[in-house]
Amino acid sequence: MTATVDTAPEIAEVKRSFRPTWVDLFLWAIRIGAIIIIAAGLIGSISKFIAGEGPSARQWGDLIVAGLSQGAMYGLLALGYSMVYGVLGFINFAHGEVFMSGAMVGFISANWLFSNGMWNANPFLALFIVLVVAMFTSTLVAVLVERIAYRRLRGSPRLIPLITSIGVSFFLQYTFAGLFGVGVRSYPQAPSVFSGAVSLFGFPVRKTSLLVISVAVLSMIGLWYFVTRTKTGRAMRAVAEDKEIAGLMGIDVDKTIVTVFAVGGAMAGVAGLMWALLFRGVSFFTGFIPGIKAFTAAVLGGIGNLVGAMGGGVLLGLFEGVGPLLILDGLGIPGVSQLKDVVAFAALVLVLVFRPSGLFGEQLGSEERA
Amino acid sequence: MALLETKGLKKSFGGLQAIGGVDFTIDEGEIVSVIGPNGAGKTSFFNVISGLFPPDEGRIIFEGVDIAGHAPSQITKAGIARTFQNVRLFPNLTVLENVKVGQHCRTHRGMFGAIFQTPAFRKEEREIEEKAKEILSFFGSRLVGYRFDQPAFVLSYANRRRLEIARAMATEPTLLLLDEPTAGMNPRETVELTELIGKLRSEKGFTVVMIEHDMRVVGEVSDRVVVLDHGVKIAEGSYQHVSTNEHVIEAYLGRPAEEKQA
Amino acid sequence: MTTVTTPLATTATTGLNLRRILKLGLLGGLGMVFITAIGMLAAFNRRLLITPILSLGYLVLFSLPFLIGHLMARRVEKEGVATAPRTSADVVAAAVAGGLAGFVAGLFAILVNAAPGLRGTLPNLSPALVEVLTLGMGVGIGLVLLTVLGAAVAALGAGFHWLPPRIARAVSVAAQSVVAVAVFEAVIDDLFDWFKTIPNFLYASRGGLTILSAIVVFLVAGGLAYFLPGRIPSLRSALMVEDESKRRRNSLIAAVVVTLIVLVIPQFLGGVLNELLTNVGLFLLMGLGLNIVVGHAGLLDLGYVAFFAVGAYTTAVLTSPLSPFFAPEMSWWQAFPLVLIAAAIAGILVGTPVIRMRGDYLAIVTLGFGEIVRLLLLSDWLSPYFGGSQGIRRIPGIGVGGSEIGGTSINLFVYFTLALVAVAAYISWRLEDSRVGRAWAALREDEDVAEAVGVDTVKAKLQAFVTGAILASFAGALFSAKVGSVFTNSFEILVSIVILVVVIVGGMGNIAGVAVGALVLIGVLGGPNQPGLLQEFGEFKLLIYGALLVYMMLQRPEGLLPSARRAQELHQEEFLQDAWLDKGGQLAETAPKGA
């Protein structure tokens, strides 16, 4: 059947009636409510700022930088979600655990490097080693998961691989809990060359944040090059567009999908190192919430759209970092730091309900578009 | 007053204009066929009328009310039912259940009745069951007896089409939109279904609009034929008139070669 | 029909195929290492199944070589290809693979022994672990022992295929019965409190069966399994009979029997077990609710725990004198209708925004909702209303005749739970076979077509959400009364997912299935925050749940006890083929005369 207009999906985006149903009214109420809350919070914060109360400019600067570096990390994680969704059409719940595994095993190597002195003596090499270890572990886990759990489910209704990935996520979490124990392990303190701050445009920026952001940018450039300029990258894009036709053109679809998972895993490994630099503590549960936030970022940027994923990540990081103080504190809500996650989840809900195609446009394959 | 009337109906998908201004009327009790080459916009026409997509422009007036842009379930409730080009049943529900679902918009009992098994609920369930069986009996012995409890996916292709029509009938429509009802059927089945379409009007009183490619069916059963091409109506009239119309022939077969050189 | 023997088919899967041996052996070895490294072996070792020779730990450990052996000698029978006969080569191959697995495990023991430094990173790798792994024999002998045992067990696994099917089944049932009797020691102990001779005979003082009792159970169960089949129709098939009226009758009989058992048993169970039964009941309630949302209507709600929280917190606020802001101090009974209303409202609030979303996004959004609810309840900001991290305490139990029945009088409380479970099951059952139930089924099958044939999908979805929410709130209200206090750590995403596992593993869309799922999973393994019958599973139950979920999705998406419809959905091709074969190659198109 040719995909002419006559046979165009009698489904796809079913635009509902123009007459407002009460569902529409409800949704509008939420929109308006959200706008009011955000606006009121902003106004509150601005007036506080003018009055000299509330956080200082320097503190805002800190928050913005922190938000950017966290956002960079979310962006790298989001790439994995975006790529898998673009190619296979499902949410890989277990990607957060792929990230965690890199961070955990990286911790082992970091610890070892620390105990034999190399950590501080040769910081760049040490970090590089940890990076490689983390990337390797994450990639390995991602590829194994694809092979064992997802490969047989190609072509199943979308919810089945999603549920499977939830199972995988739990399995991995508790495997690591069993192997490494349930406690939080702390990476050694960043080597002295990375501690402290650097002055950028007259603004003190923590060196670790700078490092994280630069690593993210480099990774992104590397990935962009890989996807647009190499043969494998082209194959990935073809498979994402239409698996069947790509196969008919001679592309090894299985191998390409493995590559997609591997690349996503590698990026998650880098993100693992970033987590280590930013937060230092890892446990078996570390991957879960960042994973969900990274998925939010991926949708925010437009699922399947790699540049969008990065952008969505940065936006989400900023929103999460600055939002609680900016909006909630402006409204006079106490204890805003606890509510950081609420802000992130609220962003998740708002994005998915009101703008599921994302800010930069989603890119789905032909099967998912149908 | 016409049962259904569209005025200046337009619909585009992205950059592609599927329907470019169609005026269409049908009176109660008529059987009208809509024909045209592939890509003419016929199914899109059905989709817009049945509410799957709102039109960009134009009005759709059904029994005096403009239904453009209403939700599909509301339009079904108003009295327009349709079948799909690629039969879309509920594959894992039984034959009987498929038809019962069709009655959903005409029945009322809700959760309370179901949980407490009120007499009103039980009465309605009985009525639903009887009505479903009655509708299925319209198709002779094809969909009765042991068939009732068979899941829909075991049915043969022709039976699936019949079941889809049965389901549409269950919504108690005034107007039936049949999208290529005989597609994929062998000659014997086609003849049977053609008779059936006639009976839908004569015995059940439905008004029927039918998209068809098989001209024998069209000639056999239609009162009137409307021809669409590239989203616009290019001819209308009896089958005799339309089948000899040069624009229609050109739309299907193209222009003779000599003219192109001119 | 000529048989075609393709050489490839015979050598690749039989005999001394080196690649296969290596692959299975190494995988098995890795599996054994895995079980050991994550601490399962040591933890399970504490539970003796047969004193003094077999602990649960060793059973799990050596199940892997057994599985390897079984797989090595397995033949997949293909139509038109001659099935190669089994030979002793298969047993040898199996033994080699099993031995390899054991060898790998032995090497691991040596590694752990030689590198005590590893313990810093992987705390389980202690000398005690080596002790257990090498069966107390030290690493050298341990290596040999593991290899030999691995080979032997694998050979047994392979040899299993040689048993005639009836005996094989009998042996399998017998072995499972022994394990079951050992595992359910606490239950049997309590049940036969009035007739202590039986438990005293079966169990040794340290726990676990004695060798003698194990043999007796094995023979009795095996004997029954050998002689009975065919005379008594299996329970499963009775519940899945195609014929509508027969199935109803069977289900009714099953329901009555179950009810009787359920009424009587709590009398015999002690406090601990009644507590367990109550937990099972609570999860069953929520499972039934989620079953409606996911199984009937096809909406994957990952934030389901939020409704549980709404039920629990509403009860807490309305009944506890310590409720911070608003403490009307109602009785549980007075609060209950309000709890239901609150749940219904919550269902509408959650359901409305997600009405138009596609399935997987719906799952994530509901997950987001669940977390937002939990975080808000936990926050300092709302603690003046909900107690924040301190929660709300001093929730009274259910008032009956002047006294309050709560967690302290669990033997009575369990009846309330079971009663509400019965109500929930009844509601579920009635709704399924009704106009609303059909609307849900249509919604699940094909939402757009359902809309096109006149089903008001918006209303149907909301009905599903509200019903699910109300059932969850049953559980919430009971939970509050039972525990006497509420804290947000009972309402994590984990709970939603465990309920999802119960529903899926048990069988989506099927009430009995969800019950079995709850009983087996929550009862034996334990809930997220509650221990089950086998406390050793504590740290590993979530790992097992994850693995189970993956396994179910890969093999049998419809669950253990599928509703007949769901099974069709997911095995359509098989059904079609069976139907075709049944009719002797002609699809059932032979219409009665007069077509």
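This is a short tutorial dialogue on reading contacts, burial and domains in a predicted model.

User: What should I know before I start with this model?

Analyst: Welcome! This is a predicted model, in which local features need pLDDT of at least 70, side-chain atom pairs count only at pLDDT 80 or more, and totals for chains, interfaces and linings use all residues. Residues are numbered from 1 along each chain as its sequence is written, while chains are lettered from A and ligands numbered from 1 in the order in which they are written.

User: Let's begin with chain C. How many helices and strands does chain C have, and what share of its residues is buried?

Analyst: Helices (H or I, at least four residues) and strands (E, at least two) are DSSP runs, numbered from the N terminus. By that rule chain C has 27 helices and four strands. A residue is buried if 20 or more other C-beta atoms lie within 10 Å of its own, exposed if 12 or fewer, and partly exposed in between, with C-beta atoms placed from the backbone. In chain C, 50% of the 595 residues are buried.

User: How many residues does each chain bring to the contact of chain A with chain C?

Analyst: Two residues are in contact if their C-beta atoms, placed from the backbone, lie within 7 Å. Here, 45 residues of chain A are in contact with 42 residues of chain C. On the chain A side, H6(A) gives the most, with 16 residues. For classes, Ala, Val, Leu, Ile, Met, Phe, Trp, Tyr, Cys and Pro count as nonpolar, Asp, Glu, Lys and Arg as charged, and the others, Gly among them, as polar. The side of chain A that touches chain C has 34 nonpolar, eight polar and three charged residues.

User: And which helix supplies the largest share where chain C touches chain B?

Analyst: That contact takes 34 residues from chain C and 35 residues from chain B. On the chain C side, H20(C) supplies the largest share, seven residues. By class, this side of chain C has 16 nonpolar, seven polar and eleven charged residues.

User: Where does H20 of chain C appear again?

Analyst: Look at helix H3 (residues 95-102) of chain B, where eight of its eight residues are buried. The buried residues of H3(B), among them B:Val95 and B:Gly102, pack against helix H5 (119-137) and helix H6 (157-170) of chain B together with H20 of chain C.

User: How is chain B divided into domains?

Analyst: Domain bounds come from an automatic or database domain assignment. For chain B this gives domain 1 (1-79 + 173-262) and domain 2 (90-170). Their centres, taken over C-alpha atoms, are separated by 28 Å. Nine residues of domain 1 of chain B are in contact with six residues of domain 2 of chain B.

User: Which residues touch the most other members of the largest nonpolar core?

Analyst: In soluble globular proteins, nonpolar side chains tend to be buried together. A nonpolar core is a set of buried Ala, Val, Leu, Ile, Met, Phe, Trp, Tyr and Cys residues joined through C-beta atoms within 7 Å. Of the 374 residues in the largest one, C:Ala94, C:Ala97, C:Met286, C:Val501 and C:Val502 touch the most other members. The largest share of this core, 16 residues, comes from helix H2 (residues 57-88) of chain A. Not counting residues up to four places away in sequence, C:Met286 touches C:Tyr304, C:Phe308, C:Leu471, C:Ala472, C:Ala475 and C:Ile499.
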